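User: I've got a structure open and I'd like to learn how to read it. Can you walk me through it, idea first and then the case at hand?

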Amino acid sequence: MPVIPLALPRQSDAGQEPHAGIARLVNAFARPVEAEGRTQVQVWARPGLDALVTLAGTGGIRATIEVDGLLYVVAGRVIHRVDAGGASSIIGGLPSDGYVGSARNSRGTGPQICFTCDGLAVVIENGVLSSVTGLSISPIDVCCIDRYFVFIDARGRMQSSDIDSGLVYDGLDVAEAESSPDGGLRVVDRGRDLIVFGPRSFEVWADTAADAFPFTRQHAVSVGALSAGSVVKATIIQKGGSVSDTVAWAGTNHEGKFAGVMILNGYTPSPISTAAVNRDFSAVADPATITASSYVNSSGEAFVRWRLPSTTWVYCTNTGLWHEEASRDSLGNNITNNVAHLATLGLRTVGGHASEPQLYWVSDDYTDDDGDELVVTVQTPPAHASPERLTMDALYLDVVPGVGLMTGASQDVTPSVMMQWSADGETWSNELWRSIGVQGARQTRAKWTRLGTTSHTGRTYRFRVSANVAKGLLWAWWRGSKARA
């Protein structure tokens with residue numbers, strides 16, 4: 001009987017109804033393999049978490065920004081300063097609970113950090129917090145570009161600081177994003193471009209060294225942002241080593257209705273989301289609950305992630321593929337990933353808990369979530385010969401073998417992979433577990449036999465690995481034939 005490859009999914013892209021397909025990658029992403037590999041795609045677990053520090057107070061992490069090897073963190077209403085060893089101190093606070101904007105300037109000594117929230121702004125310099133009192137507007141966001149802090153308010157009015165000074169302002173240094181009467185949400189720097197987002201449009205401004213507000217509008221596009229938190233700076237890493245920075249966001253049309261997740265290509269918003277991604281974004285009742293962040297992993301793959309109330313969607317700019325991330329709740333159920341904000345501290349990635357004052361190291365070196373299971377779930381596209389049926393005598397799965405721990409929980413010493421199958425995308429077979437090898441058992445291969453005959457719709461397979469070990473699915477194939485009529 002022939003041996004036929006079983007396609008591993010390239011991304012999460014479930015159909016509108018289960019019968020249309022339920023391919024998913026949860027806590028794992030697809031990595032296309034060059035010609036030297038055994039297969040065209042491999043599946044690897046997302047980075048795990050290790051505790052960095054639990055901060056004083058209550059409430060989740062609302063903003064993070066790194067300056068000279070120190071991380072400035074808004075947790076609840078409290079602003080903390082944290083070093084790479086986990087030592088923290090309280091700098092001050094913010095009096096409200098809305099979206100927090102953050103930026104730093106490029107002063108050679110005493111760089112300043114600015115936070116905005118609900119119409120107020122504060123500046124931290126040499127560990128001392130000061131309220132910004134010279135603004136003519138009520139800022140809801142801030143960025144730093146060409147050595148200016150630039151603020152925006154809900155009406156779309158902007159104001160710039162003096163060069164390298166977040167505490168000095170001139171009442172004449174103001175302008176308005178007025179190509180569309182939709183107000184303001186975010187200001188983001190991209191190289192020398194100032195990107196100004198409203199709910200139904202965005203504008204691109206350039207530094208023209210004008211006497212008052214130093215920036216002048218260059219482009220206006222009738223695509224807006226769904227919420228301030230859905231906009232994030234991102235890195236694009238292309239094959240061949242080309243690296244560039246850009247902006248990604250949950251986009252809206254000229255009426256303010258969600259129109260897909262976008263990435264800025266030059267000055268053109270390019271849709272990147274799939275139908276499955278769009279359905280989840282469209283179902284969000286309060287867009288203010290969306291939080292976007294980005295990071296680059298140890299293999300040089302760049303990701304942009306959007307945390308929604310129901311799930312966390314992650315986009316790889318190297319491949320253009322999507323996957324999902326999840327955390328485990330106290331009952332062992334998958335929920336949306338707990339990490340809402342990511343930042344760089346030194347050369348490492350730090351993540352902040354969405355509802356608790358907790359910071360984590362985020363790394364491929366960690367294979368669980370700070371003691372909780374990191375459960376990788378992979379659901380394949382249907383294996384079928386429609387309109388005919390298939391008889392499946394055996395199913396094989398290559399994983400990263402022989403990775404069991406020497407000590408610890410039994411599931412980590414002798415790790416296993418679970419398999420189930422479904423004919424309709426809704427009901428599943430019993431769980432069938434197979435070993436992936438104790439430590440050093442490098443020739444281990446998971447195998448399931450006597451799997452019967454599929455219907456004409458074929459069969460989707462689900463694989464799950466939860467052990468605290470390195471997790472990678474490398475190749476799947478089956479042995480069988482078309483069933484007799």
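Analyst: Let's start with a definition: helices (H or I, at least four residues) and strands (E, at least two) are DSSP runs, numbered from the N terminus. Here, Gln 420 is found in strand β37, which covers residues 416-422. Keep in mind that this is a predicted model: local features need pLDDT of at least 70, side-chain atom pairs count only at pLDDT 80 or more, and totals for chains, interfaces and linings use all residues. Residues are numbered from 1 along each chain as its sequence is written, and side-chain values use heavy atoms, with hydrogens and water left out.

User: How many helices and strands does the chain have?

Analyst: There are two helices and 41 strands.

User: And how do I judge how compact the chain is?

Analyst: You compare the radius of gyration, taken over C-alpha atoms, with a globule rule, which is 2.2 Å times the number of residues to the power 0.38. In this case the radius is 25 Å and the rule gives 23 Å for 485 residues; those values are close, so the chain is as compact as a globular protein of that length. Along the principal axes, the C-alpha atoms fill a box of roughly 80 × 50 × 40 Å.

User: What share of the residues counts as buried?

Analyst: Cut-offs come before the number: buried means under 20% relative accessible area, exposed over 50%, and partly exposed in between (1.4 Å probe, protein chains only). By that scheme, 52% of the 485 residues are buried.

User: What about contacts between residues far apart in the sequence?

Analyst: A contact means heavy atoms within 4.5 Å. Take the contacts in the chain with a separation of 6 or more: 57% of them join residues 24 or more positions apart.

User: Back to Gln 420: is it buried or exposed?

Analyst: Gln 420 counts as buried because its relative accessibility is 8%. Leaving out residues up to four places away in sequence, Gln 420 touches Trp 428, Ser 429, Asn 430, Glu 431, Thr 460, Tyr 461 and Arg 462.

User: What does the polar side chain of Gln 420 find there?

Analyst: For that we need polar contacts: pairs of N or O atoms within 3.5 Å, where within protein one must be able to donate a hydrogen and the other to accept it, and residues adjacent in sequence count only if both atoms are side-chain atoms. A polar atom of the Gln 420 side chain lies 2.9 Å from the backbone oxygen of Ser 429.

User: Which backbone atom lies by the side chain of Gln 159?

Analyst: The backbone nitrogen of Ser 136 does, at 2.7 Å from a polar atom of that side chain. Gln 159 sits in strand β16 (residues 157-162), and it is buried because its relative accessible area is 0%.

User: Now a charged residue. Where does Arg 62 lie?

Analyst: Arg 62 is in strand β6, residues 61-67. It counts as buried because its relative accessibility is 15%. Its side chain has polar atoms 3.0 Å from the backbone oxygen of Ser 96 and 2.6 Å from the backbone oxygen of Gly 98. Beyond four places in sequence, its contacts include Cys 117 and His 341.

User: And which side chain does Glu 203 make a polar contact with?

Analyst: That would be Trp 205, at 2.9 Å. A polar atom of the Glu 203 side chain also lies 3.3 Å from the backbone nitrogen of Glu 178. Glu 203 is part of strand β20 (residues 202-207) and is buried because its relative accessibility is 2%.

User: Last one: what should I look for in phi angles?

Analyst: Most residues other than glycine have a negative phi. Asp 164 has a positive value, near 60 degrees, and Arg 450 has one near 50 degrees.

User: Are those two residues buried or exposed?

Analyst: Asp 164 is buried because its relative accessible area is 16%, whereas Arg 450 is exposed because its own is 78%. As for where they sit, Asp 164 is in the loop between β16 and β17 (165-176), and Arg 450 is in the loop between β39 (446-449) and β40 (460-465).
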